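Here is a short tour of one protein model, written for a reader at the bench. Keep the sequence and the 3D view open as you read.

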Amino acid sequence: EGDMSRSRLGQAAAEPQDEACIRRLGAGHVALAKGEKWQGNEGQGLIHRSPQPPAGERRLLLTLDWLA
């Protein structure tokens with residue numbers, strides 16, 4: 001939290017460049033990504049970015065949203 005200003009989401013120039021601030025998942029890994037609606041996590045939802053996959057490759061992202 002604090003590595004990217006939420007008011008600048010969507011602006012490429014605002015993306016963190018410091019590798020120490022960027023977390024990566026490998027193929028087949030599973031992560032719990034808490035969003036804005038998670039109790040106690042208001043205003044701190046995960047900011048997710050995916051690089052373009054190499055030509056000829058595809059990506060699968062499965063999300064399950066909590067219905068409150």
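## Surface and overall form

Accessible areas here come from the Shrake-Rupley method with a 1.4 Å probe. By that method, the protein chain exposes about 6600 Å² of accessible surface, and carbon and sulfur atoms own 54% of this area. Please bear in mind that you are looking at a predicted model.

Next, the dimensions. Along the principal axes, the C-alpha atoms take up a box of roughly 40 × 30 × 20 Å. The radius of gyration of the protein chain is 14 Å, whereas a compact globule of 68 residues would come in near 11 Å.

## Inside the chain

If you go looking for secondary structure, you will find zero helices and zero strands in the protein chain. Burial can be put in numbers too: 6% of the 68 residues count as buried.

How do the contacts spread along the sequence? Take the contacts with a separation of 6 or more: 33% of them join residues 24 or more positions apart.

## Charges

The protein chain carries 9 positive and 9 negative side chains, and 3 Å separates the centres of the two sets.

How many salt bridges does a search of the whole structure find? The search turns up one. Its partners are Arg-24 and Glu-19, whose closest N and O atoms are 3.1 Å apart. Both Arg-24 and Glu-19 are exposed.

## A look at Glu-36

Is Glu-36 exposed, partly exposed or buried? Its relative accessibility is 39%, so Glu-36 counts as partly exposed; that class lies between the cut-offs of 20% and 50%.

Setting aside neighbours within four places in sequence, Glu-36 is in contact with Arg-6, and also with Asn-41, Glu-42, Gly-43, Gln-44 and Gly-45. For a sense of distance, try Ala-13: it is 23 residues from Glu-36 in sequence, and the two C-alpha atoms are 24 Å apart in space.

## A look at Cys-21

Cys-21 is also worth a click. Cys-21 has a relative accessible area of 26%, so this residue is partly exposed.

Which residues does Cys-21 touch, not counting those up to four places away in sequence? They are Asp-3 and Pro-16. You can also check the spacing to Met-4, which lies 17 residues from Cys-21 along the chain: their C-alpha atoms are separated by 9.4 Å.

Definitions and conventions: Residues numbered from 1 in each chain as written. Predicted model: local features only at pLDDT ≥ 70, side-chain atom pairs only at ≥ 80, totals over all residues. Heavy atoms only, no water. Buried < 20%, exposed > 50% of the residue type's maximum accessible area, 1.4 Å probe, protein only. Contact = heavy atoms within 4.5 Å. Salt bridge = Lys/Arg side-chain N within 4 Å of Asp/Glu carboxyl O. Helix = DSSP H or I, 4+ residues; strand = E, 2+ residues; numbered from the N terminus. Rg over C-alpha atoms; globule rule 2.2 N^0.38 Å. Lys, Arg positive; Asp, Glu negative; His and termini not counted. Charge placed at Lys NZ, Arg CZ, Asp CG, Glu CD.
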